[in-house]
Amino acid sequence: MAADNNDKNGSRQPLLKNRYHENCPGCKVEQDKEMHRGLPVKQLLNVWMVTLCTALPVSCLFPFLYFMVRDFGVAKTEADVSSYAGYVGSSFMFGRALTSIPWGMFADRYGRKNAIVIGLVAVIVFNTLFGLSTSYWMAVSTRFLLGILNGSLGPIKAYATELFREEHQALGLSTFSSAWGIALVIGPALGGYLAEPVEKYPHVFPKGSLFDKFPYFLPCFIISVFALAVLVACIWLPETLHNHNVGNEFTDDAEALEKGITGKTVQKTENLLLNWPLMSSIIVYCIFSLHDMAYTEVFSLWAVSPLKLGGLNYSTDDVGNVLSISGFSLLLYQIFLYPAVQKVCGPVRLTHISAAISIPLLQMYPFIALLPGFAMNLLITIASVLKFCLSATIITGFFILQNRAVEQHQRGAANGIAMTGMSISKAVGPAGGGAVLTWSQKRVNASFLPGSHMAFFVLNLVEALGAAMMFKPFLAEKEETASEQLE
């Protein structure tokens with residue numbers, strides 16, 4: 001037995017040496033995953049911080065955008081402000097739609113870390129300039145440039161898959177989606193609490209100061225400072241991309257099988273547009289992304305709209321309170337509940353359940369607005385918590401399906417395709433949501449779905465379309481290959 005063990009060990013030594021390359025960052029990550037099988041807290045924190053920093057600029061403007069656009073004086077009527085605000089929100093996503101695939105290809109060739117670093121630099125520069133905007137077109141252009149140069153969300157998704165062992169990949173991707181979801185909550189909270197600080201905190205920010213001239217600069221500045229800190233921390237961020245051509249190393253088929261995904265199968269290149277498990281999940285993902293962005297825009301604008309237009313007449317602080325509670329609840333859900341529920345139900349079934357619950361929940365919003373005082377505030381907050389948790393569940397499920405559908409060397413490009421589609425959807429979302437809300441607020445006296453009832457009904461039509469497409473034969477899952485089963 002001892003001799004057999006020695007033979008086995010001896011026969012495996014060369015394989016282990018060939019498997020990992022001393023100067024390959026991707027191999028170092030693979031070695032670390034084999035040596036440390038526990039919960040990768042440090043890696044989860046890395047993914048969470050980078051995603052949060054990248055996503056915060058997307059949402060910080062929602063509470064004050066209505067007032068910012070109104071102050072620019074471009075809208076002819078109060079009801080038209082929502083439409084102009086939607087175009088500002090769309091400009092970021094339109095810019096990102098143009099460059100997501102090139103950024104994915106860049107990440108596949110030069111590394112995920114380099115793409116992430118460039119994205120953080122873009123956040124620091126253009127998010128700061130947006131806060132200093134003095135005209136409507138300066139606001140649109142800075143958001144557009146931020147979208148073009150901030151192409152790191154796709155590479156981060158690939159990174160979150162590659163950084164973790166298989167049993168922790170769902171947690172890694174849920175960390176990405178929870179950070180994204182929390183950014184869509186913390187961002188508006190920062191925007192709500194810190195916009196117009198001279199009026200809210202006159203003892204700290206006096207009249208005539210920089211923050212008086214630029215009342216919406218402070219939340220953008222805080223996010224840029226945070227991005228700078230994360231950029232410095234990225235010095236210690238490990239690279240997951242292999243820098244050697246694995247496909248030419250193994251001439252023995254048995255040896256290639258022994259190495260699993262680090263052998264020949266890794267370098268098999270396919271046309272991603274013909275990969276139906278990937279493309280079907282991206283198409284449905286884009287529909288839900290359109291819905292989520294439109295919902296965020298509609299909710300933020302509807303909440304601060306006056307009562308005569310069917311809104312809640314909330315202040316920026318009120319919106320910040322609702323979204324802050326939602327963000328904290330989402331964090332707890334993603335850490336403690338989602339991984340366990342996902343293991344039991346699976347990503348596809350869980351998205352079915354979440355979509356089915358979201359539709360009646362969303363249509364309840366206008367009825368909740370009719371309740372008095374405390375009851376309305378409580379139920380709106382509960383509904384917001386549930387909506388964010390359900391949306392994060394759906395999006396995380398599609399992240400898992402997309403990254404399982406391709407091999408590592410094409411993950412950046414695959415996520416680039418997903419980000420392009422998502423960015424187009426999210427570019428349409430704010431503009432479409434703002435336009436629908438403006439239209440609905442002009443028909444508050446209609447007999448059929450008056451006012452905001454129509455706005456939330458249109459949102460539900462989009463979600464119902466996505467829910468209908470989440471079933472076979474449209475949505476397909478990748479079948480396991482022989483090498484994946486050996487692992």
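**Questions on a predicted helical model**

Q: Which residues does N127 touch, not counting residues up to four places away in sequence?
A: In this predicted model, N127 is found in helix α6, which covers residues 112-131. Leaving aside residues up to four places away in sequence, the residues that N127 touches are P57, C60, A122, C220, I223 and S224.

Q: Is N127 buried or exposed?
A: The cut-off for a buried residue is a relative accessible area under 20%. N127 has 0% relative accessibility, and therefore it counts as buried.

Q: With which side chain does the side chain of N127 make a polar contact?
A: S224 is among the residues that N127 touches. The polar contact joins two side chains at 3.5 Å, and the partner of N127 is S224.

Q: How many helices and how many strands are there in the chain?
A: The chain has 487 residues, of which 58% count as buried. Its secondary structure consists of 21 helices, and the number of strands is zero.

Q: What percentage of contacts in the chain between residues at least 6 apart in sequence join residues at least 24 apart?
A: One pair that is distant in sequence is I235 and K113, which are 122 residues apart in sequence and 9.3 Å apart in space, C-alpha to C-alpha. For the chain, counting contacts between residues at least 6 apart, the share that joins residues at least 24 apart is 80%.

Q: Is I235 buried or exposed?
A: I235 is found in the loop between α12 (217-233) and α13 (253-258). A residue is exposed when its relative accessible area is over 50%. I235 has 55% relative accessibility, so it counts as exposed.

Q: Where is H291, and is it buried or exposed?
A: The place of H291 is in helix α14. Its relative accessibility is 1%, and the limit for burial is under 20%. H291 therefore counts as buried.

Q: Which side chain makes a polar contact with the side chain of H291?
A: Not counting residues up to four places away in sequence, H291 touches L362, K387, L459, V462 and E463. The polar contact of its side chain, at 3.3 Å, is with the side chain of D292.

Q: Which helices do the buried residues of α20 pack against?
A: Helix α20 has as its buried residues S452, H453, M454, A455, F456, L459, N460, E463, G466 and A467. Two of these, L459 and E463, are also among the residues touched by H291. The helices against which the buried residues of α20 pack are α14, α16 (347-363), α17 (365-368), α18 (373-404) and α19 (411-441).

Q: How far apart are the end C-alpha atoms of α20?
A: Helix α20 has 17 residues, and at 1.5 Å a residue they should span 24 Å. The distance in the model agrees with this expectation, because the end C-alpha atoms are apart by 24 Å.

Q: Which peptide bond is cis, with omega near 10°?
A: The bond leads to P473, which lies in the loop between α20 (452-468) and α21 (482-486). With omega near 10°, the cis peptide bond is the one from K472 to P473.

Q: How many of the 11 residues of α4 are buried?
A: Helix α4 comprises residues 62-72 and is mostly covered. The buried residues are F62, P63, F64, L65, Y66, F67, M68 and V69. Just after α4, G73 takes a positive phi of about 75°. Of the 11 residues in the helix, the number buried is eight.

Q: What phi does E196 have, although it is not a glycine?
A: E196 is found in the loop between α9 (169-194) and α10 (197-200). At 17% relative accessibility it counts as buried. Although E196 is not a glycine, its phi is positive, at about 50°.

Q: What phi does N313 have, although it is not a glycine?
A: N313 lies in the loop between α14 (276-304) and α15 (316-345). Its relative accessibility is 47%, so N313 counts as partly exposed. N313 is not a glycine, yet its phi is positive, at about 60°.

Q: Which residues make a nonpolar surface patch of about 580 Å²?
A: The chain exposes about 20600 Å², of which carbon and sulfur atoms supply 66%. One member of the patch is L332, which is found in helix α15 and is partly exposed, with a relative accessible area of 35%. The patch is made by F328, L332, I335, F336, L337 and V341.

Conventions:
Residues numbered from 1 in each chain as written. Predicted model: local features only at pLDDT ≥ 70, side-chain atom pairs only at ≥ 80, totals over all residues. Heavy atoms only, no water. Helix = DSSP H or I, 4+ residues; strand = E, 2+ residues; numbered from the N terminus. Buried < 20%, exposed > 50% of the residue type's maximum accessible area, 1.4 Å probe, protein only. Contact = heavy atoms within 4.5 Å. Areas by Shrake-Rupley, 256 points an atom, 1.4 Å probe, with all protein chains shown as cover. Patch = residues over 30% accessible without salt bridge, like charges linked within 9 Å, V, L, I, M, F, W, Y side chains within 5 Å. Salt bridge = Lys/Arg side-chain N within 4 Å of Asp/Glu carboxyl O. Polar contact = N/O pair within 3.5 Å; in protein donor to acceptor, adjacent residues only side chain to side chain. Expected span 1.5 Å × (residues − 1).
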